[in-house]
Every structure is written in structure tokens, then in C-alpha cells.
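Colleague: I'd like to learn how to read this one feature by feature. Could you walk me through it?

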Number of protein chains: 2
Amino acid sequence: MSKIVYLDMSMSVDGFVAGPGVSAESGLGAGGERLHEWLFVDPAPESSALLDQTMKRIGSMMTGRRTYDISQWGPDGPAGELRLPVFVLTNRGVPGPEAGSVYTFVTSGVDELVERAKAAAGEKDIAVSGADVGQQLLRAGYVDELVVHVVPELFGEGLRLYDQVGAHIGLEIIETIPTSRVTHQRYRVLNRKAG
Amino acid sequence: MSKIVYLDMSMSVDGFVAGPGVSAESGLGAGGERLHEWLFVDPAPESSALLDQTMKRIGSMMTGRRTYDISQWGPDGPAGELRLPVFVLTNRGVPGPEAGSVYTFVTSGVDELVERAKAAAGEKDIAVSGADVGQQLLRAGYVDELVVHVVPELFGEGLRLYDQVGAHIGLEIIETIPTSRVTHQRYRVLNRKAG
């Protein structure tokens, strides 16, 4: 049980991962797609290198229901290199995963979510994507590392990445990767739960 | 009227400039002093260079009443290089500035605040320090540049730098200065008011 769990998210300078008006039809909210242009539109070489490095590190993924619902991967999950086991924390009705799908739905909380994702990751790390599940994992002391892609935008309103973190959490800068369109920051979480 | 107005603040990764429980006795809130250690405790050479560069740029300062109240400069204002005209936006009772003090209290709003600070800055730039006044100036389209010192901390609660920005504001990365203890970021504000 020594895998690194890292929370990997794009956010605006003022801390939002989605714009206002998030709904089933608009999973990223108004303007939210701007947070992902660094990735989808002509990524900088430094950004691509970081993504390649991430791809090699991770053995499984954890996410939340909103991120699952807005995913463009479809019910079978991602193809190619990114085809990894994905554990989705949800407290709403569980859609029956298709046979051979990468998705496993976990309704019993973050402890089981982490246990199952770690078992599936083998010797590799576990990536977390999703603000709500990220906050739950941070509060429970399960997150070892933050990977934040800070995008030059002030959203003013929307869905905040670190909204329900609760108590103070100290970090340590591992790495800062500046580019002209996004700043990648990796932080070690200092007061994570031992184990 | 072509001076650059820039908002210069230290903030946590989750966007706070002060911890919870801000009061007259605790102007930075619980743990808020951690946001300023990069500056006061053995600053990195890159941080010192940025501060020196800032010092040479600015001809006047704008701030808010909270920042004034917690300032360690005393009623006469800063000495030495930092001895510049400071314009304090306030809607509470105006303390009579001491003769020769650097402080001018402005109660009529941000338009007059900016006009007076620009007049005092001569050919130089104007620095803004203070979350509330910064938000008011951003909303009014007066801020040309953000200088954010991002400190590796998640506060979870406290006073947010960009809490009342309102509508979306696009930025452009001017410069990212990584250090091991703080990440300095300079952004150009794209939708500022012309003038």
C-alpha cells in the first residue's frame, strides 16, 4: 500500500475547475473548456513531456461521478495508452458497466475507493481527477501529491478545486514547469495519513 | 493616464491571502504569516531580484483599510526606498494622517483612488496591495497586471484574493519565476478598461 496518489487537475488562477452553471448538458460550465485548451490545442513541448511522464507513472485512476458523466470516453472508457482501470466514487444510482469496461463504481466511500485503486495499480501510481473526490481524498489524508495545471484565467465563479478541504494542509514544491499558456506545478502533500 | 496598475499579493495555492479569523488583532488570520515567509525569512535570490525590480517600477501605492490597519509601518508609513505615497480606500472613519505621513485616505471610491495614485506616481507604475481593493479595481477594469506569489499551502478557509471578481477575466502569462518556496507569476489582464 505504498502507491503515490496524486490529484491531477487544470484550474484557473482563482482556483476553479469549471465555470458557472455546471449541469448534465454543460459539465465544464460556462467557459470551462478554456481550462483544457493547453492540453487539446497544440500543447507546448513541456506540457506534452509532462503528460507522457504521467502516462508512464499511473496504473489506475480514481474519479467522481461528475467527471465520469462529462467524460468523452463513452461507457467503455478510454482506448490506447490511457486504457487503465478507473474507479468512480458515486452515491447515485450505479450505471451497469459494460462487459470489458474499464469502470468500477464504488459507493461505499473513499476508503474502499483507494483500496481497490491501489490493488489495481500494481507497482504504479494512482491519478485522481475530479474536484469533489479530490477534496474527499485530501480531507481523509490519502493524497500524496498535487499536480495542478494553472491556466491564465480568472473565472470569478464556478466549481472550486479546493473548496471543501477544511483544515490547513501544508505543501512542498516538487517542480514548477512554466510554459507560455499554462503553469504546471507539482506539490508534495506534507500532512498526509501514514500508510 | 497610462501608468501600469498592478495587483501584487501573496496567496496560497487555493487562493487565500489570509487565514480564518481575520480581526483587528489578527490581520492575517490563523496561519496567515506563512504566506509571507518567502519574503521575510531568507528570500531566494530570484525573489529578491523581483522585489528589487518592483521597487524601481513603482511611484505610488493603493491599498485598502484592512491592509492599512495591519501594516507594521506605523502611522508615518514606510521608511527608505519604500517611502512612497500610499492611497488608502476606506469607507470607515478616516484617521487624521500625521503631518508628513505618506498616507492619503480616499472615501469617494476607486475612480478617485486611481486618479490620485496615478497623479502621484509620475512616470512610474502603481502597485495595489489588498484583496478587497484589488477586487474593486479588477471589477472596474483598472488593473493592468497581476503579480501573484503562490505559496505552497492549502488554507481551506480564510480571505480569498479573487472572491468578488464577478465576471470572467482573461489573462496572459508575462513571466513565471519558480523558486523552491514560492512561485512568482506575472499576468497581463486582457479585458481591462481602455484609458
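Modeller: Sure, and keep in mind that this is a predicted model. Let's begin with one side chain's surroundings: leaving out residues up to four places away in sequence, B:Phe16 touches B:Met11, B:Phe155, B:Gly158, B:Leu159 and B:Arg160.

Colleague: Where does B:Phe16 sit, and is B:Phe16 buried or exposed?

Modeller: B:Phe16 belongs to strand S2 (residues 16–18) of chain B. It counts as buried because 29 C-beta neighbours lie inside 10 Å, and the cut-off for buried is 20 or more. For a link across the sequence, take B:Phe16 and B:Gly156: they are 140 residues apart along the chain, yet their C-alpha atoms are separated by 8.2 Å.

Colleague: Now helices. How do I find the face of a helix that packs inward?

Modeller: The general idea is that an α-helix has 3.6 residues a turn, so residues three or four places apart point the same way. Try helix H4 of chain B (residues 110–121), with twelve residues. From first C-alpha to last, H4(B) reaches 16 Å, close to the 16 Å expected at 1.5 Å a residue. Its buried residues are B:Leu113, B:Val114, B:Ala117, B:Lys118, B:Ala120 and B:Ala121. Looking down the axis of H4(B), you find these buried residues within an arc of 165°, so they line one face of the helix.

Colleague: Which strands do the buried residues of H4(B) pack against?

Modeller: Strands S1 (5–12), S3 (58–64), S4 (86–89), S5 (103–106) and S6 (125–129), all of chain B. Just after H4(B) comes B:Gly122, with a positive phi of about 60°.

Colleague: What about a positive phi outside glycine?

Modeller: Most residues other than glycine have a negative phi, and most peptide bonds are trans. Here A:Asp42 has a positive phi, near 50°. A:Asp42 lies in the loop between helix H1 (37–40) and helix H2 (45–57) of chain A, and it counts as exposed because it has 10 C-beta neighbours inside 10 Å. In chain B, phi of B:Asp42 is near 50° as well.

Colleague: On to the strands. What is the order of the open sheet of nine strands?

Modeller: The order is S8(A)-S10(B)-S11(B)-S7(B)-S1(B)-S6(B)-S3(B)-S4(B)-S5(B), with mixed pairing. S8 of chain A and S5 of chain B stand at the edges with a single partner strand each, so one side of each has no neighbour in the sheet. For one pairing within it, S7 (residues 145–151) and S11 (residues 183–189) of chain B run antiparallel, joined by six bridges. There B:Val148 has B:Gln185 as its bridge partner.

Colleague: And how do strands pair between chains?

Modeller: Look at S10(A) and strand S8 (residues 153–154) of chain B: they run antiparallel and are joined by two bridges. A:Gly170 stands opposite B:Glu153 there.

Colleague: How many residues does the contact take from each chain?

Modeller: 27 from chain A and 27 from chain B. On chain A's side, S10(A) gives the most, with seven residues. That side divides into 13 nonpolar, ten polar and four charged residues.

Colleague: Last one: what rotation superposes chain A on chain B?

Modeller: A rotation of 180° with 0.0 Å of shift along its axis, at an RMSD of 0.0 Å. That is the relation of a two-fold axis. In chain A, A:Gly15 has the C-alpha nearest the axis, 3.2 Å from it. Both copies use the same surface, as 100% of the contact residues of chain A recur in chain B.

How values were computed: Residues are numbered from 1 along each chain as its sequence is written. Chains are lettered from A and ligands numbered from 1 in the order in which they are written. This is a predicted model: local features need pLDDT of at least 70, side-chain atom pairs count only at pLDDT 80 or more; totals for chains, interfaces and linings use all residues. Copies are superposed by least squares on the C-alpha atoms of residues with pLDDT of at least 70 in both. Two residues are in contact if their C-beta atoms, placed from the backbone, lie within 7 Å. Helices (H or I, at least four residues) and strands (E, at least two) are DSSP runs, numbered from the N terminus. Ala, Val, Leu, Ile, Met, Phe, Trp, Tyr, Cys and Pro count as nonpolar, Asp, Glu, Lys and Arg as charged, and the others, Gly among them, as polar. Two strands pair if DSSP finds at least two bridges between them. The expected span of a helix is 1.5 Å times one less than its number of residues. A residue is buried if 20 or more other C-beta atoms lie within 10 Å of its own, exposed if 12 or fewer, and partly exposed in between; C-beta atoms are placed from the backbone. The arc is that of the directions from the helix axis to the C-beta atoms.
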